[in-house]
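Work through these exercises with the model open. Try each task before reading its solution.

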Amino acid sequence: MTDPRLAVIVLAAGQGTRMKSATPKLLHELAGAPIVSHVLATAKALDAAHVLTVVRHERDRLVELISVELPEAIVVDQDEQAGTGRAVELAVAALPDDFDGDVLVLNGDVPLLDAATLEALLTTHRAGDADATLLTSEPADPTGYGRVLRAVDGSIERIVEQKDATAAELATREVNAGVYLFGVESLRDHLASLSTENAQGEKYLTDLVAALRAAGSSVTALPVGDAWIVEGINDRAQLSAAAARLNALIVRGWQLAGVTIQDPATTWIDLTVTLAPDVTVLPGTQLKGATIVATGATIGPDTTLVDCEIGERATVKRTDATLAVIGDDATVGPFSYLRPGTILHADGKIGTFVETKNAVIGRGSKVPHLSYIGDTEVGEGSNIGAGTIVANYDGVNKHRTQVGSQVRTGSHNVFVAPVRIGDGAYSGAGTVIRKNVPAGALAVNVAPQRNIEGWVAANRPGTEAARAAEESGNS
């Protein structure tokens, strides 16, 4: 149910220079989704009456994402005046004039903060009838964080940013997590008066705490037991640490849901993946995107699946697959490469060193090894011989090949598309199929073998081959 007295502001205007990337920091991926998407999902889960996102750097790219993931959000553009205080000031101005509730401020680069923690913050804030409540933590290394300074009686006096802190203030272990809950009237009364007289020349939202205290308003805090919940991401090292932390939570969640994950340390699973009970995931496996794995399937080792659908009891071993569908009881690998459009029906097989693309392989059909099958449809119960190549490209256009049911093709065949091989047909080893093969026919076009006696002795005298032939008495 929507909370009519709650508004959420997501701060997403920063440039993120420490990422050293052409991609905006908030669009770097974490468990299959951009960093900011995790924050937007949390904001959505709170069912606030209003959600506002403040943008500036690469605003169009961010707005495009926001419009898809949280279309009801109000987009606010930050102006030339820098600082979190200014960002919140602009967002509050965009709220309806009659809004008289609480305003939750979130940072777009804190993706592991969950809705349950924020609901606890909201409960603490409202139970204490505070004008402001903030989350705090005590990380192992507080470097870079603003310090929370308390009075002798334990009440919060102010927050000082690291660049403005004295040596004594830097010794404080409790830090500001950058997550705040304010009564909207407190914001309207004090935001405009925030100063830019500090080391960075910005309007600090943190200065609002001291301003509220000076005005006699109450400020409380909710300490967070696990500091990682509120850790921000500013560089690639922090992104990697957050990814590992989130992945560990995802893996554990699936284990508790009945999935066997043999080696959590080498298994990576996106948030968008769906696994059924009794799936087995072996070491070195990555499951990404919208991948779905049905019950009883075994994935891995050393397998990457992106946006794939895996059927019941299927086995996919040492395989790289994208946008592929694998049927029940089918087997794939080892060392298979499945490109988009691959559909392997039930009981089928794509084997060792096989590449497929835009290929439909029928029920019980097999492509066992060393083949490329592209733009092809194979019927049921057929076997494609080792080393088969589908020549599907004429230099301008791609063409399709059709292989019927119960077909047996020989090793080292080439199918020159477009071509059709009828039901029950056979082909000999080394055949290049350039025209349609009727049902039940045998296709062969290999020239008769010719042996030239004594060729090695005449053309390669003195070689080890010539010597071996001579010693065998067949030179």
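**Exercise 1. A pair within one helix**

Which kind of contact do the side chains of Arg 86 and Glu 89 meet in? The model is predicted, so treat every distance as computed from it.

Solution.
- Step 1: Find the contact. Arg 86 and Glu 89 meet in a salt bridge, with an N to O distance of 3.1 Å.
- Step 2: Check the cut-off. A salt bridge needs a side-chain nitrogen of Lys or Arg within 4 Å of a carboxyl oxygen of Asp or Glu.
- Step 3: Place the residues. Both lie in helix H3 (residues 84–93). They are 3 residues apart, about one turn of the helix.
- Step 4: Ask about exposure. Arg 86 and Glu 89 are both buried.

**Exercise 2. Pairs across the chain**

Find where the partners of the Arg 59 and Asp 77 salt bridge lie, then do likewise for Asp 347 and Arg 363.

Solution.
- Step 1: Start with the principle. Side chains of opposite charge can pair when their charged atoms come close.
- Step 2: Take the Arg 59 and Asp 77 salt bridge, at 3.0 Å from N to O. This pair links distant parts of the chain, 18 residues apart. Arg 59 is in helix H2 (residues 59–69), and Asp 77 is in strand S5 (residues 74–77).
- Step 3: Add exposure. Arg 59 is partly exposed at 28% relative accessibility. Asp 77 is also partly exposed, at 40%.
- Step 4: Turn to Asp 347 and Arg 363, whose salt bridge spans 3.4 Å, N to O. Here too the pair links distant parts of the chain, 16 residues apart. Asp 347 sits in the loop between strands S26 (343–344) and S27 (349–361), while Arg 363 is in the loop between S27 and S28.
- Step 5: Classify both. Asp 347 has a relative accessible area of 37%, so it is partly exposed. Arg 363, at 47%, counts as partly exposed.
- Step 6: Widen the view. The whole structure holds 20 salt bridges. Asp 3, Arg 5, Asp 102 and Arg 126 are linked in a network of them.

**Exercise 3. A glutamate in a loop**

Is Glu 174 buried or exposed? Find its polar partner too.

Solution.
- Step 1: Locate Glu 174 in the loop between helix H5 (167–170) and strand S10 (175–183).
- Step 2: Read the accessibility. Glu 174 has a relative accessible area of 11%, so it is buried.
- Step 3: Find the partner. The Glu 174 side chain makes a polar contact with the side chain of Arg 150 at 2.8 Å.
- Step 4: List neighbours beyond four places in sequence. They include Thr 136, Gly 146 and Val 148.

**Exercise 4. Two annotated positions**

Compare Asn 392 and Ala 429, both listed under "binding site" in an unreviewed UniProt entry.

Solution.
- Step 1: Place them. Asn 392 lies in the loop between strands S29 (389–391) and S30 (401–403). Ala 429 lies in the loop between strands S33 (426–427) and S34 (432–433).
- Step 2: Classify them. Asn 392 is buried at 7% relative accessibility, whereas Ala 429 is exposed at 55%.
- Step 3: Check contacts beyond four places in sequence. Asn 392 touches residues including Lys 357, Tyr 372 and Ala 417. Ala 429 touches Gly 410, Ser 411, Asn 413 and Val 446. Ser 411 is in the UniProt list as well.
- Step 4: Finish with the polar contact. The side chain of Asn 392 reaches the side chain of Asp 375 at 2.6 Å.

Key:
Residues are numbered from 1 along each chain as its sequence is written. This is a predicted model: local features need pLDDT of at least 70, side-chain atom pairs count only at pLDDT 80 or more; totals for chains, interfaces and linings use all residues. Side-chain values use heavy atoms; hydrogens and water are left out. Helices (H or I, at least four residues) and strands (E, at least two) are DSSP runs, numbered from the N terminus. Buried means under 20% relative accessible area, exposed over 50%, partly exposed in between (1.4 Å probe, protein chains only). A polar contact is a pair of N or O atoms within 3.5 Å; within protein, one must be able to donate a hydrogen and the other to accept it, and residues adjacent in sequence count only if both atoms are side-chain atoms. Contact means heavy atoms within 4.5 Å. UniProt positions are given in the numbering used here, feature names are shortened, and annotations may be inferred rather than shown by experiment.
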